[in-house]
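Reader: I'd like a close look at one small part of this model rather than a tour of the whole thing. Could you pick a spot, go through its contacts, and then show me how the surroundings are put together?

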Amino acid sequence: MLPDSVRQTDKLCLEVRNLHLWRGEQHLLRNVSFTLHGGQLLQVQGPNGVGKTSLLRCVAGLLPVESGECLWNNQKLPQSQSAFHQQLVYLGHSQALKLDLTAQENLLFAVGLRRAATTDEVIHALARVGIAQCAYLPVRVLSAGQRRRVALAQLVLLDAPLWILDEPTTNLDVQGVALLEGLMAAHLSSGGSIMTAAHQVLLAGHAGSRELVLS
């Protein structure tokens, strides 16, 4: 559940205007613009190599752009980058987990960069993603699907209004994808926003879902 200060959908707005990005000699992103409000899901579509991950990284402030601008709640980035990052969860294609730490320890560390988390909160989050039994196991012994679920538990713990998810279904089985869609639907219904790039359409038919096709 989002904090009262950001729960209302009209208080959330991510706007991208005329974004351009070059990769060497290739004009990778050309004049990309969109607006994403609370309760909305934007699914970035396109073939491999078209720039889906690069767009997500640009929006998250992890990759500089040649021209264009991003605004969060009408504040230009990077001027308000610090405040923006406090309200953002970015999950990349790689889980970024420390293999020798347990699932619990990984989450306590990752969430601790943002806020103090309790052991009970972490166990609850792992239960939400279906792997409470893995809490005290080192990540190196977990399957690829279980590791993905550990990463997804950060969505529960960080409680940020904006999720940016790059290929979140990687290594998930059918049940895992259904669980992810449940988390996404709950986040949208509480007024959160999601931007994602995935090989499959998520939450098909959801009223707040739309696509941005890159070519």
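Author: Let's start with His-27, which is found in strand 2. Keep in mind that this is a predicted model, so what follows is computed from predicted atoms. His-27 has a relative accessibility of 17%, and because buried means under 20%, it counts as buried.

Now for the polar side of things. The side chain of His-27 reaches the backbone oxygen of Leu-29 at 3.3 Å. That side chain of His-27 also makes a polar contact with the side chain of Arg-30, at 3.1 Å. Leave out residues up to four places away in sequence, and His-27 still touches His-20, Leu-21 and Trp-22.

Zooming out a bit, there's the sheet. It's an open one with four strands in the order 2-1-4-5, and the pairing is antiparallel. Strand 2, covering 26-37, is at one edge, and strand 5, covering 75-77, is at the other; each has a single partner strand, so one side of each has no neighbour in the sheet. From one strand to the next, the twist averages 25°. As background, strands of a sheet pair through backbone hydrogen bonds, in either a parallel or an antiparallel way.

Over at the strand 5 edge, the partner is strand 4, made of residues 67-72, and these two pair in the antiparallel sense over three bridges. Within that pairing, Trp-72 stands opposite Gln-75 in strand 5.

Conventions:
Residues numbered from 1 in each chain as written. Predicted model: local features only at pLDDT ≥ 70, side-chain atom pairs only at ≥ 80, totals over all residues. Heavy atoms only, no water. Pairing = 2+ DSSP bridges. Axes fitted to C-alpha atoms, helices over the stretch in contact; angles between N-to-C directions. Buried < 20%, exposed > 50% of the residue type's maximum accessible area, 1.4 Å probe, protein only. Polar contact = N/O pair within 3.5 Å; in protein donor to acceptor, adjacent residues only side chain to side chain. Contact = heavy atoms within 4.5 Å.
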